[in-house]
Amino acid sequence: MTASEFAFELCVCQWAEREWSPARDDSAVFVARQLGTKYRRWDTLILECDPDGLRRRAEFGATAFDSDLLHVLRHAPADWQFYRDALPDPGYPWRYVRESIHEAADRDALETRKRGNRIEIRRRREYPDWLRRIVAIENKPDLSASAARDLADQLERDVALGLADEVWVATAATGERIEPILLSDFPAAAGVLTVDAERGTADPVWQPRTLAVSDPGTRILDRPTDDASAARFEYADPDWKAEKRLAIAERAYERGWRAYAETMRPDCRHFRLRADETGVYPHCAAKERLPTQKECRGSCHEYEPEPPVWRTRGWPIEGGPGAAIKRLLDRRRRRSRPGLAEK
Ligand code: SF4
């Protein structure tokens, strides 16, 4: 990812967090980036949520539950029951379910007790129905002809599978009378956003179609370009889709889009957060620009750790500026997850 692609992606996330209009006016919105399935990773995700459900989700803490844990939580009974009677057959060995049960109990999301040889479970609280919609955005600031072809293929796969409720492409606005992206051969079901990264604004120039997330989807495995070979497809059943959507939403809930601080080096003495009217961005004082995630690592030639005295308790920011940056980004993430306790 080039510096401008990373900067563009952060700009789209900032814009979405500030300006996104959900399909239902009362939906709560939060944004995440770089998430998906093993088949597909989206650049930006917008989650539209039931506000009450989102608040109840916060009672389970900030950490995501994976599919196996969700299987347990969503079916955990209100009263004590043998786990095999309470939970539907998972389709994989029960010993893995037992592991998930213990993990859920360790996270205080479930109660367990032993009756003879049997493990019984009871939920601590009901896992809420909090996710309404997932909007997926692919960011392509510079859309060359070959990038447009690859993207068209990818978007057709997204539309056929229907895992997200909407798919969009975001590209840099050119200011031309007809934006060139509209001339690309994209599926009509995909929306198009043109983004002015300088001003931090975006304009939906083509509205997407809402995809049928509750219907079976088609996973396109292979689509040969010649006329002789047949394309290969795989059927994606609605239960698989529902499970994947919730697992993606859980990871989005935990990570948000400011998780870059986890992989970059805010503990480097050159690392800053810069704010302007469009939002807050990482900035490298040594390179005098927004660094990419790839270059801002311990292996960076200009990396200089904060002097130890900066990290001394109470000087002048507790834990040093690097820790303060992480806390600030975490506070901002928590702001769009109502009900989560302050750290
Ligand atoms: S000098 Fe390197 S490690 Fe330090 S902030 Fe800049 S890019 Fe990151």
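## Close-up views of a predicted model

**View 1. The ligand shell, sorted by residue class.** Eight nonpolar, one polar and four charged residues make up the shell around the ligand. This is a predicted model. The shell counts 13 residues. Five of them come nearest to the ligand: Cys268, Cys284, Cys296, Cys300 and Glu302. In the sorting used here, Cys counts as nonpolar and Glu as charged.

**View 2. Three domains along one chain.** Domain 1 is built from two stretches, 3–53 and 130–255. Domain 2 covers residues 61–123. Domain 3 covers residues 260–335. The centres of domain 2 and domain 3, taken over C-alpha atoms, are 40 Å apart.

**View 3. An open sheet of six strands.** Follow the strands across the sheet in the order 1-2-6-7-8-9. Their pairing is mixed. Strand 1 (28–36) and strand 9 (201–206) form the edges, and each of these pairs on one side only. On average, neighbouring strands in the sheet are turned by 30° against each other, ignoring direction.

**View 4. Strand 1 beside strand 2.** Strand 2 spans residues 41–49. Strands 1 and 2 run antiparallel, and eight bridges join them. Look for Val29: opposite this residue stands Glu48 in strand 2.

**View 5. A helix packed on the sheet.** Helix 6 consists of residues 145–161 and packs on the sheet. Which strands does helix 6 touch? The helix touches strand 6 (131–139) and strand 7 (166–172). The direction of helix 6 makes about 160° with that of strand 7.

Note on methods:
Residues are numbered from 1 along each chain as its sequence is written. This is a predicted model: local features need pLDDT of at least 70, side-chain atom pairs count only at pLDDT 80 or more; totals for chains, interfaces and linings use all residues. Domain bounds come from an automatic or database domain assignment. A residue is near a molecule or strand if its C-beta atom, placed from the backbone, lies within 6 Å of it. Two strands pair if DSSP finds at least two bridges between them. Helices (H or I, at least four residues) and strands (E, at least two) are DSSP runs, numbered from the N terminus. Axes are lines fitted to C-alpha atoms, for helices over the stretch in contact, and angles run from 0 to 180 degrees between N-to-C directions. Two residues are in contact if their C-beta atoms, placed from the backbone, lie within 7 Å.
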